[in-house]
Amino acid sequence: MNDLLRRGLLVWGLGVAFQCAGGEAGAATLLGQEGRFVCPNCGGTIFQQIPFTVQAGVVEIPSSRFAGQIAFDIEANTILMDWQISSDYIVSPLVQTFEFPNLAAAGMAITAAVLDPSSTLPYNVAFTPDSVVVDLSGIPVVATDFALINVTVVPEPASMALLAGWPIALVLRRRRG
């Protein structure tokens, strides 16, 4: 086997292993991502689009943004909705969306978002490749209630295909030449 091809395959293998292992270049988490909290039914335009950046150990949207009612803490692979008040007031429909518009540009996609069994609220959760949608419609809360959503973020298949495809092209080129 040609020495150049051998070195190329070694670099490729290390790159794939690094990305699959969650190395810095291919870390598949929400950390560092720009996001938007969107809630058209939350009342007033101040709540309809709140920008944030996901940072470890930081409450991205503190309860002070919602008159002390609820705080949102987004971490590497979780979204915590932490209620600070009790309320029988039920808004329906009430759908909140956490958008991450730059995930695709970072070569990542959300492939799952599920309510953690420890959650005290039975919210319905859905997802798209770049957002998590939570339906809070018709559910009263108490001050100790919370919803923890586990989010799976993976390297986008297209970026993995780019990593995987070049050795094949190199071998085909070698055979032609």
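## A tour of the aromatic cluster, two sheets and a core

Start by selecting the Phe, Tyr and Trp rings: six aromatic pairs are found in this predicted model. For the first stop, zoom in on F37 and F72. Their rings form a tilted pair, with 4.7 Å from centre to centre and 35° between the planes. F37 sits in strand β1 (residues 34-38) and F72 in strand β3, so this pair ties together parts of the chain that are 35 residues apart in sequence. Both F37 and F72 are buried.

Keep F72 on screen and add F98. This pair is edge-to-face, at 5.4 Å centre to centre with 70° between the planes. Again, distant parts of the chain are linked: F72 belongs to strand β3 and F98 to strand β5 (residues 95-99), 26 residues apart. Are these two rings buried or exposed? F72 counts as buried because its relative accessibility is 0%, and F98 counts as buried because its relative accessibility is also 0%. Now add F66 to the selection, and you have one aromatic cluster made of F37, F66, F72 and F98.

**Around F98**

Stay with F98 and show what surrounds it. Setting aside neighbours within four places in sequence, F98 is in contact with R36, F37, F52, F72, I74, I79, D130, S131, V132 and V134. Some of these residues will come up again at the next stops.

**The five-strand sheet**

Switch to a cartoon view and find the open sheet of five strands, ordered β2-β1-β5-β8-β7 with antiparallel pairing. At its edges are β2 and β7 (124-128), each of which pairs on one side only. From one strand to the next, the twist averages 20°. Now select β7 and β8: these strands run antiparallel and are joined by five bridges. One place to look is F127, whose bridge partner in β8 is V132. V132 is also one of the residues in contact with F98.

**The four-strand sheet**

Next, colour β3, β4, β9 and β6. They make an open sheet of four strands in the order β3-β4-β9-β6, paired antiparallel. The edges are β3 and β6; each has a single partner strand, so one side of each is left without a neighbour in the sheet. Here the twist from one strand to the next averages 20°. Focus on β4 and β9, which run antiparallel and are joined by five bridges. Look for I79, which stands opposite I149 in β9; I79 is also among the contacts of F98.

**The nonpolar core**

Which residues touch the most other members of the largest nonpolar core? Select F37, F72, I74, M81, F98, F100 and Y123, out of the 32 residues in this core. Two or more core residues come from each of β2 (50-53), β3 (70-74), β4 (78-83), β6 (108-115), β8 (131-135) and β9 (146-155). Of these, β9 gives the most, with four residues.

**Zooming out**

Finally, show the whole chain. Its secondary structure comes to two helices and nine strands, and from the N terminus the elements run α-β-β-β-β-β-β-β-β-β-α. Of the 177 residues, 34% are buried. Switch on the surface: the chain exposes about 9,700 Å², and carbon and sulfur atoms supply 61% of that area. Among contacts with a separation of 6 or more, 62% are between residues 24 or more positions apart. The pair of F72 and F98, 26 residues apart, is a good place to end the tour.

Definitions and conventions
Residues are numbered from 1 along each chain as its sequence is written. This is a predicted model: local features need pLDDT of at least 70, side-chain atom pairs count only at pLDDT 80 or more; totals for chains, interfaces and linings use all residues. Side-chain values use heavy atoms; hydrogens and water are left out. A nonpolar core is a set of buried Ala, Val, Leu, Ile, Met, Phe, Trp, Tyr and Cys residues joined through side-chain atoms within 4.5 Å. Buried means under 20% relative accessible area, exposed over 50%, partly exposed in between (1.4 Å probe, protein chains only). Contact means heavy atoms within 4.5 Å. Two strands pair if DSSP finds at least two bridges between them. Axes are lines fitted to C-alpha atoms, for helices over the stretch in contact, and angles run from 0 to 180 degrees between N-to-C directions. Accessible areas come from the Shrake-Rupley method with a 1.4 Å probe; for residues, only the protein chains shown count as cover. Rings of Phe, Tyr and Trp (its six-membered ring) pair if their centres lie within 6.5 Å; planes under 30 degrees apart count as stacked, over 60 as edge-to-face and the rest as tilted.
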